[in-house]
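Welcome, and thank you for taking a look at this one with us. Here is a short tour of some cysteines, the nonpolar cores and a couple of helix residues.

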Amino acid sequence: MNTIFRIVEAFKSFLFEIGELSDFAGRFFREVLKRPLEFKEFLRQCYNMGNRSLLLVGVTGFIIGLVFTLQSRPTLQQFGAVSWIPAMVSVSIIREIGPIITALICAGRIGSGIGAELGSMRVTEQIDAMEVSGTNPFKYLVVTRILATTLMLPILVFIGDSVALLGSFLVENLKGDVSLLLYFTQVFDHLEFFDVIPSTIKSFFFGFAIGLVGCFKGYYCKKGTAGVGLAANSAVVFSSMLLFIIDFIAVFVSNVFYDV
């Protein structure tokens, strides 16, 4: 009975947190168009989240392209289908692997940073001081960060995909003596409009989810300084789970439209 009771309580707590997150998202949409727009803070957050994540995303994308091509090549050689490697790798990376891996990296790099930063501001009463002074902390701290993650993640996905294709080309050039022109000619010959647009659209949702969860966990941080670490950790876990849910919904919806 105790086990069942704990499961029920955990489920109730999860539903309650989902409700709070939904209310937090609703407040974001109410505040986003209100003045002041805090454009300078928005640009600063774009720089912090985009430029400082660029190296990590680039290195990860390059390694993904290398490993994916190296793992696929021996199997395709057995069937005499090595010429299909550029098409297979490009479609796989651009449709699915690139967006979700980049989003998970950003959930760890950006989501935890937002949770820890806002959490430390909450426990040191900086957010309370902003409210007392007449400043809207939600507008300045939350809206700018969510907008920045929503905008920057698709750009990081595009860069990660491009570097991954360069890594794949490097393997093909060394193993099969394929030129850069031939490789990318095959890539663009097999890429379609449907391969690029859905992955780009869901990247915006990935960025929004990362920013929303990170801000939510940090903005309502409790339990003193120990809660800062908890906020950062839970922001990564919760946003990662939300990313997979969004990805499943995006793939399901896009396949429905594609079949039609």
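Let's begin with Cys106, which counts as buried, at 1% relative accessibility. Please keep in mind that the model is a predicted one.

Does a cysteine like this have a partner, and how many disulfides are found in the whole structure? The search finds zero. Cys106 is accordingly in no disulfide, and the nearest cysteine sulfur, that of Cys46, is 13 Å away. Cys221 is buried as well, with a relative accessibility of 8%. Why is Cys221 not bonded to the closest cysteine, Cys215? The two sulfurs are 13 Å apart, which is too far for a bond, because a disulfide needs the pair of sulfur atoms to be within 2.5 Å.

Next come the nonpolar cores. In soluble globular proteins, nonpolar side chains tend to be buried together. Here the largest nonpolar core has 41 residues, and Phe24 and Val142 touch the most other members. Two or more residues of this core come from each of α1 (2-31), α2 (39-50), α4, α5 (126-132), α6 (137-176), α8 (193-219) and α9 (226-259). The biggest contributor is α6, with 10 residues.

Phe24 deserves a closer look. Beyond its neighbours within four places in sequence, Phe24 is in contact with Phe138, Val142, Leu212, Cys215, Phe216, Tyr219 and Tyr220. Another core, of 14 residues, lies apart from the largest one and includes Leu76, Ala81, Ile85 and Val89.

Helix α4 spans residues 85-123 and holds Met88; Ser112 lies in α4 too. Are these two residues buried or exposed? Met88 is partly exposed, with a relative accessible area of 29%, whereas Ser112 counts as buried at 18%, because the limit for buried is under 20%.

Their contacts are worth tracing on the model. Setting aside residues up to four places away in sequence, Met88 touches Phe68, Ser72 and Leu76. Of these, Ser72 is 16 residues from Met88 along the chain, and their C-alpha atoms are separated by 9.2 Å. With the same sequence neighbours left out, Ser112 touches Ala107, Ala232 and Val236.

For easy reference, here are the accessibility values again.

| Residue | Relative accessibility | Class |
|---|---|---|
| Cys106 | 1% | buried |
| Cys221 | 8% | buried |
| Ser112 | 18% | buried |
| Met88 | 29% | partly exposed |

Methods. Residues are numbered from 1 along each chain as its sequence is written. This is a predicted model: local features need pLDDT of at least 70, side-chain atom pairs count only at pLDDT 80 or more; totals for chains, interfaces and linings use all residues. Side-chain values use heavy atoms; hydrogens and water are left out. Helices (H or I, at least four residues) and strands (E, at least two) are DSSP runs, numbered from the N terminus. Buried means under 20% relative accessible area, exposed over 50%, partly exposed in between (1.4 Å probe, protein chains only). Contact means heavy atoms within 4.5 Å. A nonpolar core is a set of buried Ala, Val, Leu, Ile, Met, Phe, Trp, Tyr and Cys residues joined through side-chain atoms within 4.5 Å.
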